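Colleague: Please take one part of this model, begin with its backbone and exposure, and then set it in the context of the whole chain. I should like a connected account rather than a list.

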Amino acid sequence: MAPGNLKRPLITRFPGSLSRANQKDTFKRRRYRRCKSALAESSHPDTSKAASLPRSESIIRRLHPSFIQVIMVLVAYLSIGALCFYLARHRMKGKKTSGVLDAVYFCVVTMTTVGYGDLVPDTVATKLLACAFVFTGMALIALSLSKAADYLVEKQEVLLIRALYMHKHVGMADILKEMETNRARYKCLVVFIILLLIIFCGTVFLAEVEKLSFVDAFYCVCSTITTLGYGDVSFTTEAGRAFAVLWILFGTVSLAQFFLYVAELNTERRQKKLVKWVLEKKMTNVDLEVADLDDDGVVDVSDFIIYKLKEMGKISQEDISLVMEEFEELDVDQSGTISAADLTLAESQRVE
């Protein structure tokens, strides 16, 4: 390789090469600044709407499963469960209203683990069937419904940020940037508002339709969405159970998502504190020695970035080792850099 591509410690030994080293360092700093500003430009307020909207859709599709697919799986689960328990309705005991509705209601109460006890299996076969459906339902909630809820929360998160900044005339790129910066906080806020609405609607419905006192209605709501399901108060009318089929699903999943986002927010705050501590921490000789990845006595900009990212917990030594293995595999001529010729040679070696 040309002398200008040698590492900086060798160059700085020769006074005549100082200007070239400075030019190289200036080029490297300029290159890193250009990479950094390229990211910033993608979220600039002047970005066109046509360029920003596809980015929004791609993020949502990458993070969340197909919402229609989740609905189809849920409908299939409830249909199969309703059919099975409808055929076994004479082997069930408890407060009954309508055959099909009771079967769907029992499936929902089972899959969400609310388990009021107002409608229970009465034979060995129906008890074993209920055991199978409770595990299947829990898996469905864990794998599908929680992701669907996350999808809906993300949609409402955009609307919330738009409402908060409606007087500032921000674009979609700014909304995406704000979402990325304070994602956990906005998710907590959105789910908390949804949860309050669910609690309010459930309490009013139980008081008006099921004729419960306000305290008993609120008590039933709390015992339901937390999946305690004491069973002393529950939905006993046909209209009540029709309402409960959707309300229980939304209530239990929303509360679970809320606690998940609270934990996420706590983790995010701890991570930000760690990042702040790492950035404000003074560099010592010990840090310099640790950051010197290639043991050449100096730390260049790439060494420094990797060291800081490791300190922040964003990458591990194993990650670095895997990346270095790939770099060494692509660096066919072992020059310390990767060129188009290296990629061509590496590809030809793979073919052989």
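**A loop residue and its setting**

Modeller: Gln334 counts as exposed, because its relative accessibility is 71%, above the 50% cut-off for that class. The model is a predicted one, and what follows should be read in that light. Gln334 is located in the loop that runs between α13 (317–330) and α14 (340–351). Its phi is near 55°, a positive value in a residue that is not glycine. In general, most residues other than glycine have a negative phi.

Two threonines can be set beside this residue. Thr227 also has a positive phi, near 60°, and belongs to the loop between α9 and α10. With a relative accessible area of 28%, Thr227 is partly exposed. Thr113, which follows α5, has a positive phi near 60° as well.

That last residue leads to α5 itself. The 13 residues of this helix should span 18 Å at 1.5 Å a residue, and the C-alpha atoms at its ends are 18 Å apart, so expectation and model agree. Eleven of the 13 residues are buried, and the helix is thus mostly covered. Among the buried residues are Asp102, Tyr105, Phe106, Cys107, Val109 and Met111.

Cys107 deserves a closer look. It counts as buried, at 1% relative accessibility. The closest cysteine sulfur to that of Cys107 belongs to Cys84, and the 7.8 Å between them is too far for a bond; the cut-off for a disulfide is 2.5 Å. By this rule, the count of disulfides is zero. Another cysteine, Cys201, is partly exposed, with a relative accessibility of 39%.

The helix α5 also contributes to the largest nonpolar core, being one of the elements that give two or more residues to it. This core holds 46 residues, and those with the most contacts inside it are Phe85, Met111, Tyr116, Phe235 and Ile248. Besides α5 (99–111), the elements that supply two or more residues are α4 (67–87), α6 (124–164), α8 (183–208), α9 (214–225) and α10 (238–280). The largest share, ten residues, is that of α10.

Tyr116 illustrates how parts of the sequence meet here. Leaving out residues up to four places away, Tyr116 touches Tyr105 and Val109, and also Cys220, Thr224, Gly229, Tyr230, Gly231, Val233, Ser234, Phe235 and Ile248. Two of these partners, Tyr105 and Val109, are buried residues of α5.

Elsewhere, a buried acidic side chain has a polar partner. Asp287 is part of helix α11 (residues 285–291) and is buried, since its relative accessible area is 9%, under the 20% cut-off. The side chains of Asp287 and Thr284 are joined by a polar contact of 3.0 Å. With neighbours within four places in sequence set aside, Asp287 is in contact with Lys281, Lys282 and Tyr307.

The whole chain completes the picture. Its secondary structure amounts to 14 helices and two strands. Of its 352 residues, 34% are buried. Among contacts with a separation of 6 or more, 67% are between residues 24 or more positions apart. The accessible surface is about 21800 Å², with 63% of it belonging to carbon and sulfur atoms. Gln334, the starting point, is thus an exposed residue, at 71% relative accessibility, whereas Cys107 is buried at 1%.

Technical notes. Residues are numbered from 1 along each chain as its sequence is written. This is a predicted model: local features need pLDDT of at least 70, side-chain atom pairs count only at pLDDT 80 or more; totals for chains, interfaces and linings use all residues. Side-chain values use heavy atoms; hydrogens and water are left out. Helices (H or I, at least four residues) and strands (E, at least two) are DSSP runs, numbered from the N terminus. Buried means under 20% relative accessible area, exposed over 50%, partly exposed in between (1.4 Å probe, protein chains only). A polar contact is a pair of N or O atoms within 3.5 Å; within protein, one must be able to donate a hydrogen and the other to accept it, and residues adjacent in sequence count only if both atoms are side-chain atoms. Contact means heavy atoms within 4.5 Å. A nonpolar core is a set of buried Ala, Val, Leu, Ile, Met, Phe, Trp, Tyr and Cys residues joined through side-chain atoms within 4.5 Å. The expected span of a helix is 1.5 Å times one less than its number of residues. Accessible areas come from the Shrake-Rupley method with a 1.4 Å probe; for residues, only the protein chains shown count as cover.
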